[in-house]
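Hi there,

Here is the structure I promised to pass on, with the sequence alongside it. Have a look first, and then read on for my notes.

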Amino acid sequence: MGIAFIDTGACPHADFVLGENRIKTFKDFVAGRKNPYDDNGHGTFVCGVCSGNGVMSKFRYSGIACKSQMHILKSLDAKGEANASRILDAMQWVYENHKKCNIKIVCMSFGSEPLGFNDPIVMGAEALWEDGVLVVAAAGNSGPEFQTIKSPGISRKIVTVGGIDDNRYDNKSYNKNFFEIADFSSRGPAFRSAKPDVVAPSVEITSCSAKGLYSQLSGTSVATPMVAGVCALILQKHPTFSPDKVKRFLLQICNPLGFGQNLEGYGLPDLSKLYI
């Protein structure tokens, strides 16, 4: 299925194009260029976390939905900044093309200061949701203060992702007793609603680099594509699910971590529950 990424673009990394070019769309709302590029690196990294196949690392750094088709919408510039109009233009493109391109999910690893209940980016995200596109957005990196969820993550409808530090120092250990909410992860509530909805690892994650093979990055923006990938796997098993049903299923397979709903939402998704 198709996943749209509204970000800084993406370079044609081998993990995206080797064997099959899975970059099916590239739209540049910043400079109008035709060929895929990423003059910041953030978008390439995000795409790798969700959709990279890991071939250049012998599959060690493969993404969650490693066979998904990628629709790259460059709306953030070389500094990782964007005005609302470019974000809305990208959302409009998804709205008009998602059925033709089989785009089921849009990943938004960015956040802006909320402008209240009539925030245009929130309204755009919710319009996509109502038209059948599941929207996954970052909570933001303004923690540890409360009431710091960014737009469009403040929306009650969409899936908002916070970040944890799993304190994993080797490749095999998994012990939630060591898990912590990342200090930078934004906290709820968001306009009296508990947020985020879920959390995922967000500290020193390894993924695709626009300037080499792989690099490391931290932030809720790297937790977000993990959850977008999980949602793709849910849709792979339940292709008729609406965005509401996918979100409900996602929350049901989460394991609570004990930090409270305005820090962790429903907790950490457990993919083993998807295949029971």
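Below is what turned up, starting with the pockets and moving on to the cysteines, one helix and the salt bridges. Please keep in mind that this is a predicted model.

**Pockets**

The largest pocket has a volume of about 1,200 Å³. It is lined by 36 residues, and Asp-166, Arg-168, Pro-201, Ile-205 and Met-226 are the closest to its centre. Elements that each give at least two residues to this lining include α2 (42–51), β6 (159–165) and α5 (220–237). By class, the lining holds 18 nonpolar, 11 polar and seven charged residues.

The second largest pocket contains about 300 Å³ of space. Its lining has 18 residues, with Gly-80, Ala-82, Phe-110, Gly-111 and Ser-112 nearest the centre. Helices α3 (84–101) and α4 (120–130) each contribute at least two of the lining residues. Here the split is eight nonpolar, six polar and four charged.

**Cysteines**

How many disulfides are there? The count is zero. The cut-off is a sulfur pair within 2.5 Å. For Cys-47, the closest cysteine sulfur belongs to Cys-107 and is 7.8 Å away, so it is too far for a bond. Likewise, the sulfur of Cys-208 has its closest cysteine sulfur in Cys-11, at 7.7 Å, again too far. Cys-47 is buried at 0% relative accessibility, and Cys-208 is buried at 0% too.

**Helix α5**

This helix, which also helps to line the largest pocket, has 18 residues and spans 26 Å from its first C-alpha to its last, close to the 26 Å expected. Is it enclosed or open to the outside? It is largely enclosed by the rest of the structure, because 16 of its 18 residues are buried.

**Salt bridges**

The count comes to six salt bridges. One of them pairs Asp-39 with Lys-74, with the closest N and O atoms 2.9 Å apart. Asp-39 sits in the loop between β2 (23–28) and α2, while Lys-74 is in strand β3, 35 residues away. Asp-39 is partly exposed at 40%, whereas Lys-74 is buried at 0%.

Another joins Lys-157 and Glu-130 at 2.6 Å, N to O. Lys-157 lies in the loop between β5 (134–138) and β6 and Glu-130 in helix α4, so the pair ties together parts 27 residues apart in sequence. Lys-157 is partly exposed at 32%, and Glu-130 is exposed at 53%.

Finally, Lys-195 bridges to Asp-197 at 2.7 Å. Shared partners join Lys-195, Asp-197 and Lys-247 into one network.

Best wishes

Notes:
Residues numbered from 1 in each chain as written. Predicted model: local features only at pLDDT ≥ 70, side-chain atom pairs only at ≥ 80, totals over all residues. Heavy atoms only, no water. 1 Å grid on protein atoms, 1.4 Å probe; cavity = no way out; pocket = protein on both sides within 12 Å on 5 of 7 lines; lining within 4 Å. Points joined across faces, edges and corners; volume = space filled by probe spheres on them. Helix = DSSP H or I, 4+ residues; strand = E, 2+ residues; numbered from the N terminus. Nonpolar A, V, L, I, M, F, W, Y, C, P; charged D, E, K, R; others polar. Buried < 20%, exposed > 50% of the residue type's maximum accessible area, 1.4 Å probe, protein only. Expected span 1.5 Å × (residues − 1). Salt bridge = Lys/Arg side-chain N within 4 Å of Asp/Glu carboxyl O.
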